[in-house]
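Visitor: I have a model open here and would like to talk through its charged pairs and its surface. Could you take me through it?

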Amino acid sequence: MESETPKLQNPAEFKVSKTIWPLGLGLKVDTISPFLGKYRPYVGQPCQTCTPKSMEVFFYKQYTQLGFRNALHITEQDSRFRGWLVRRLSCIVFICERSADKDVSSDFCQKILKHPRVQSAKDKDLTQDEPVEHAEPTTPRSFQDTTHIEVLEILGQIQKSLCPCLTRIVRWLLVKVLTAMFLNLQLHTGQVATLREASKASPGIPVVFLSMQRSWLDGLIIPFLLFSQNLQVPRVAWESTHCTPLFRTALQHIGAVFLPQQTGSPALSEAVLSVYIETFLAEGHSLLIFLESPSNSCPCTLSPIGHKWVQQVIASLKSAAVPDVLIVPVGVSYELSPVGSASGGEVVPTSSLGALRSLLWWLLPWSGSLGCARVDFAQPFSLKEYLCSYMWRHLALPLPLQKTLLPYILGTRSRMQEEEEPEGDVCASVCKEQALADRFILHCLKAAISCSAAMPSHIMAALLLHRYRKGVSLSRLLSDFPAMTEEVLLRRHDVGFSGQRWDLVRHSLNLLKRSVSLHSVPSHDIYVLCRESQEAAMQLWHQSTSLLSVYLYEALGACAVHAILSQVAMLGVVELLFTQDELTEKLLCLCSLLPRTLLLIPPCQSMYIVCQDVLDKLIQCGLLSMHEDPSAPSACDTGRRRFVDQLLWRATDDVTDSDSDCIEENIKRYYKLGRSEHHAVFFVFLCRLLGPILRTYKQAALFLQEKREFLQETESGYVHRLHQYLLQKAEQDGSFECAERSLAACAVNTFVDLGILSRHLDGSNEPTLQLSETFLIEENCTKLLSFIEQFVYGD
């Protein structure tokens, strides 16, 4: 980083033309390739532990189609017709030539009405609603007609028949709108071929797409991409349930499905919904479910609506209604997310007017282009195989943080250990079913995020926010941008760009023009400064979160090392060696503190395996080097070992470092932090990647210490007060990236899990929060604050 900021002159205008870029920088303009040598990182592989057979069966062995195509670029070659008129109406010909979406069968409603579970729910409603004294006895025929109408109303709330004409018109308009919004919409042809081959290898098995969500437009883009490739178009589980009747009906006619509204009997609604999913999947239809709420903030917020749909899909398979379900995780990447750019639009529109207002905002001339977009399909895997593998391992539920992390914070427990509840009466069946759905969602969301590509604006935002917050020259950016691109590729993540670095840097800065400013300096260079505003900081933070999944393990390790360094900072130690036990303990504390939606640890891995992977990552990138105990004898000294006549065997599960023929205790492993300038810069960058989340937790602990007078408050009210406190602190220290409402809600949820705040249901729709008696003591609040502060890197 530059030690002094040069004198700035004449702020440069953001233009796409090359006139704003000075010549004579003395840099060689080379080309950035998304390949390492001859190979491109293969992303989206299923878990080898949970689904080994799916990885072999559904793998497209003739994986030769490595190219990309722009799904919005529709020409005469995409249709079977040729000619002058076709070239001008190629989009209309292409839309009309595709096969129509598959609708449900004609007797679909009758199958649901005659299902035993629906009939049982009807009879249960009859016995519950029957009055004690009948003024006028109701005939069975009239009750049957009433329940029949009620079931049809519930089905009408879930779905309606497709309208082919309306669907084609919407998709034609969608092509025009997306062409005006994005430069291109990338689609990997090899991934489409893999999906097509997997569908042919398992005929009659329904496909469920589980996608991350960056915008409400994803519900229209993903079906359109499948439609353009002549694949079966899925029904879309729409996120918002509070739509106007007209907008809801229009969405249902083009393929959206909704959860039923709780207007009648809850038992009957649940029965109709479960039977609907079973019948829908049994007929071979596809379904698209979004696992997170439509936001590009971090950590990602899991969608309760998506969780409900996933539970129904798992229940359908366990009830043997379908033989198997093919799961396809979907990753979505935007150079500039519509959620972050449309400040005047809604996150999820609830009316036709709201959707039109969001689209018009994106199409306005001053809003600018949103860059490129890309959709990635991970390799499919079998849900049946996943469930069998899950049940075979008998995974126990982890203990709550109130029993593991909180005693360590308060000092009543000396060590932090990973523990699980034993199987038995402690874990009810409902909790196990909930844990199964939660772990499956995290497993699929990790696959979707890992296969999503990093865009140039993501790399540029991470460099400007976490490495050059106080400004950087353009020549420095031109040298760091390709270096970070290679680091992303080395970590087996794909990038969604290629070309000359000069053009990529200019294009990225043009997309981030609301967050940065360009200034000319006397040295004939350009200086890039981040704007000091909440909107600028939030945009950079939202864009840089895509790289958090790339460097997550290294960032966890860097913050754990920083916690150890902060404890010995006052001792004046020059050569610091820390043991593996110390690092593992700090990593366990940090991983327990952070939200699970950020870590996305699959259920097949324990926390100790993750900690070991973190240490391996730090050694690979050069931040840590392994050393022996300086006080122990050398490893080549044979006198250090004392052999015995009798051979000592050990169990095969014992994977410790002790030798079977040696009585000596285990040799400790020591690590040393890299001392070069490159290692120091990289260490600071990794610590700052997790900085906004950890700083929010720190500010929440300060808020708890300063505002301990409240007795009881609604959860939304407490989150609002904390958010206002974060905004107030951001005005003082400039940490606007921490003033995010989703981060405030995440901190509140973590404090509830820790037992700092207790959640109560007093009969109202919204729970209330109350401070626990333990943290009414100021000393305990101070311990919590010091525990969080050790992981926060200070500027």
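Visitor: Which side chain does Glu292 meet in a salt bridge?

Guide: Keeping in mind that this is a predicted model, the side chain of Glu292 meets that of Arg214 in a salt bridge, with a distance of 2.9 Å from N to O.

Visitor: And where do those two lie in the chain?

Guide: Glu292 lies in the loop between β8 (287-290) and α12 (304-318), while Arg214 lies in the loop between β5 (207-211) and α9 (218-228), so the pair ties together parts that are 78 residues apart in sequence.

Visitor: Are Glu292 and Arg214 buried or exposed?

Guide: Both Glu292 and Arg214 are buried, and the cut-off behind that word is a relative accessible area under 20%.

Visitor: OK, what about Lys698, which side chain does that one meet in a salt bridge?

Guide: Lys698 meets Glu789, at 3.8 Å from N to O. Lys698 belongs to helix α27 (residues 691-706) and Glu789 to helix α30 (residues 778-789), so this salt bridge ties together parts that are 91 residues apart in sequence.

Visitor: How accessible are Lys698 and Glu789?

Guide: Lys698 is partly exposed, with a relative accessible area of 23%, and Glu789 also counts as partly exposed, at 36% relative accessibility.

Visitor: What does Arg721 pair with?

Guide: The side chain of Arg721 meets that of Glu713 in a salt bridge of 2.9 Å, N to O. Arg721 is partly exposed at a relative accessible area of 26%, whereas Glu713, at 18% relative accessibility, counts as buried.

Visitor: Which residues are joined into one network by salt bridges that share partners?

Guide: Arg374, Asp376 and Asp494 are joined into one network in that way.

Visitor: How many salt bridges does the structure hold?

Guide: The structure holds 18 salt bridges, counted over the model.

Visitor: Switching to the surface, which residues make the nonpolar patch?

Guide: Leu89, Ile92, Ile169, Trp172 and Leu173 make a nonpolar surface patch of about 410 Å².

Visitor: Which helix gives the most to that patch?

Guide: That is helix α7 (residues 164-181), which gives three residues to the nonpolar patch.

Visitor: Where does Trp172 sit, and why can Trp172 count towards a patch at all?

Guide: Trp172 is placed in helix α7. Its relative accessible area is 31%, which makes Trp172 partly exposed, and a patch residue needs over 30% relative accessible area, so Trp172 passes that cut-off.

Methods:
Residues numbered from 1 in each chain as written. Predicted model: local features only at pLDDT ≥ 70, side-chain atom pairs only at ≥ 80, totals over all residues. Heavy atoms only, no water. Patch = residues over 30% accessible without salt bridge, like charges linked within 9 Å, V, L, I, M, F, W, Y side chains within 5 Å. Areas by Shrake-Rupley, 256 points an atom, 1.4 Å probe, with all protein chains shown as cover. Salt bridge = Lys/Arg side-chain N within 4 Å of Asp/Glu carboxyl O. Helix = DSSP H or I, 4+ residues; strand = E, 2+ residues; numbered from the N terminus. Buried < 20%, exposed > 50% of the residue type's maximum accessible area, 1.4 Å probe, protein only.
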